[in-house]
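Here are my notes for someone opening this one for the first time. Keep the structure in view and follow the points in order.

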Amino acid sequence: MKIFTCEDSYEGKATCIYRAWEYALGLGQGAAGHREVGILREPIAQLDMFAEYVHIDGDPVITEKFTRSVRRISPVVYRNVFYALLSDCDEAVDAVYRYLILAFREGSRVEHMLIQPEVMHVMELSRNVSNESHKFREIARFTSVDRKVYVCHIEPKCDVSMLVADHFADRMPSEHWLIVDDGRRTAVIHPADGDMYVRQLTDEEFTVLGCAEYEEDDYTDMWRTFFRAITVEERRNYRCQRNLFPIWVRKHATEFMQRDQ
C-alpha cells in the first residue's frame, strides 16, 4: 500500500488527493486501485512498516484543478469537501478521498445518500468546522494599532481563519485588518477596499503581532466596561457561561484577559 502524506493546509491536502487519485488510476485496477492508496496529514504519529510513504507538496495549479473538478459535481458536495479539509481530524483527508470516490460515481445524488458511512463522516467533519467558524466569528476581538490597522488573534482547532475573515470582509470592507491564527502562525490580511490573502508569518512578524494584542484604546476599555455593566451578580452561572463560551477559546478574548490580570 502506498500512503501519500501532506502538510496541514487546504492546498496541501487538495494536491495530495489529486496525486493519490492519479496513482490509483495508473494502477489499471479500476475502482480496486483506490484500495491500494491511503492519505495522511503530517505529522504522522505512527508509521506502518509495510507501507510506502510519499510526501506531496502543495501546488496551486493542481489545487485549482481539484477545486474545479469537485465543483462540477454540485455546490453542496464542494462545500462539504472544502469544509472537511479544514478539519483538525487526522482522518479527514482520507475520509474526503473515500467520499469523492462515491461522489464522482453517483454525481449530485450523493448529497442524499446519508446512510453511506463515507457521506456521514464527511458531513460530520464539515458540520464541526462550520460550528467552530461560527463560534470564532462571535468571539473575535479586534485591537486597534495606532488607529491604522485592526488586529485579531484566534487559536482554533480547525483551520477556520479564512471562514471567519469572510464574515468581517462584508462588515469592514474599507478598513485595514488582519486575523492571526496563533496555532498555525498564519494571518489573513485584508487591505482596505482590497482582496484578502493568507500569509505564513515569520518569527519576527508573529512576535510583533503578538504584542499588538495587548494594545489599549478607547474601544477595549468600553468593551470591558460593557461586559461588567451587563453582569447581574444574582444570576451568575459559570457552568452555563463555560458551555456557551468554552474556556479554550477565551485566551484572546478582551474581557477575560482583563479578568486574568
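1. Which residue in β8 does Val-188 stand opposite? Val-188 faces Val-198 there. Before going further, keep in mind that we're looking at a predicted model. The two strands around that pair are β7, residues 186-190, and β8, and they run antiparallel with four bridges between them.

2. Now zoom out to the sheet that holds them. Five strands make up an open sheet, in the order β4-β5-β6-β7-β8, and the pairing is mixed. At its edges you'll find β4 (142-145) and β8 (197-200); each has a single partner strand, so one side of each has no neighbour in the sheet. Going from one strand to the next, the twist averages 25 degrees.

3. A helix sits against this sheet. Helix α6, residues 161-169, packs on the sheet and touches β4, β5, β6 (177-181), β7 and β8. Compare directions and you get about 160 degrees between α6 and β6. The helix is also part of a right-handed β-α-β unit, made by β5, α6 and β6.

4. Start at the β4 side and walk across. β4 and β5 run antiparallel and are joined by four bridges, with Ser-144 having Tyr-150 in β5 as its bridge partner. The two strands form a hairpin, and three residues lie between them. Have a look at Asp-146 in that turn, where phi is positive, about 55 degrees.

5. The next pair along changes sense: β5 and β6 are parallel, and five bridges link them. Here Ile-154 stands opposite Asp-181 in β6. Further on, the loop between β6 and β7 contains Arg-185. Its phi is near 55 degrees, which is positive although the residue is not a glycine.

6. There's another sheet to find. This open sheet has three strands in the order β2-β1-β3, with parallel pairing. β2 (37-41) and β3 (52-55) are the edge strands, and each of them pairs on one side only. Neighbouring strands here are turned by 30 degrees against each other on average, if you ignore direction.

7. Within that sheet, try the pair of β1 and β3. Strand β1, residues 2-6, is parallel to β3 over four bridges, and Lys-2 has Glu-52 in β3 as its bridge partner. Helix α1, residues 10-26, lies across β1 and β2 and runs at about 160 degrees to β1.

8. Where is Pro-43 found? It's in the loop between β2 and β3. Check the peptide bond from Glu-42 to Pro-43 while you're there: that bond is cis, with omega near 0 degrees.

9. On to the empty spaces. The largest pocket has a volume of about 440 Å³. It has 14 lining residues, and those nearest its centre are Phe-227, Thr-231, Asn-237, Cys-240 and Gln-241. Both α9 (238-244) and α10 (254-260) supply at least two residues of that lining, and α9 has the largest share, with four residues. Sorted by class, the pocket lining holds eight nonpolar, three polar and three charged residues.

10. How many cavities of 30 Å³ or more are there? The count is two. The largest cavity comes in at about 40 Å³, and its lining is Arg-141, Thr-143, Val-151, His-153, Glu-213, His-252 and Thr-254. That lining splits into one nonpolar, four polar and two charged residues.

11. The second largest cavity has a volume of about 30 Å³. Phe-136, Ile-139, His-153, Ile-154, Val-249, His-252 and Ala-253 form its lining, and the elements giving two or more residues to it are α5 (117-139) and β5 (149-154). Its class make-up is five nonpolar, two polar and no charged residues. Ile-154 is worth a second look, as it lines this cavity and also stands opposite Asp-181 in the sheet pairing from point 5. His-153 and His-252 are worth one too: they are listed in this lining and in that of the largest cavity.

Conventions. Residues numbered from 1 in each chain as written. Predicted model: local features only at pLDDT ≥ 70, side-chain atom pairs only at ≥ 80, totals over all residues. Heavy atoms only, no water. 1 Å grid on protein atoms, 1.4 Å probe; cavity = no way out; pocket = protein on both sides within 12 Å on 5 of 7 lines; lining within 4 Å. Points joined across faces, edges and corners; volume = space filled by probe spheres on them. Nonpolar A, V, L, I, M, F, W, Y, C, P; charged D, E, K, R; others polar. Pairing = 2+ DSSP bridges. Axes fitted to C-alpha atoms, helices over the stretch in contact; angles between N-to-C directions. Contact = heavy atoms within 4.5 Å. Right-handed = clockwise from strand over helix to strand, strands pointing away.
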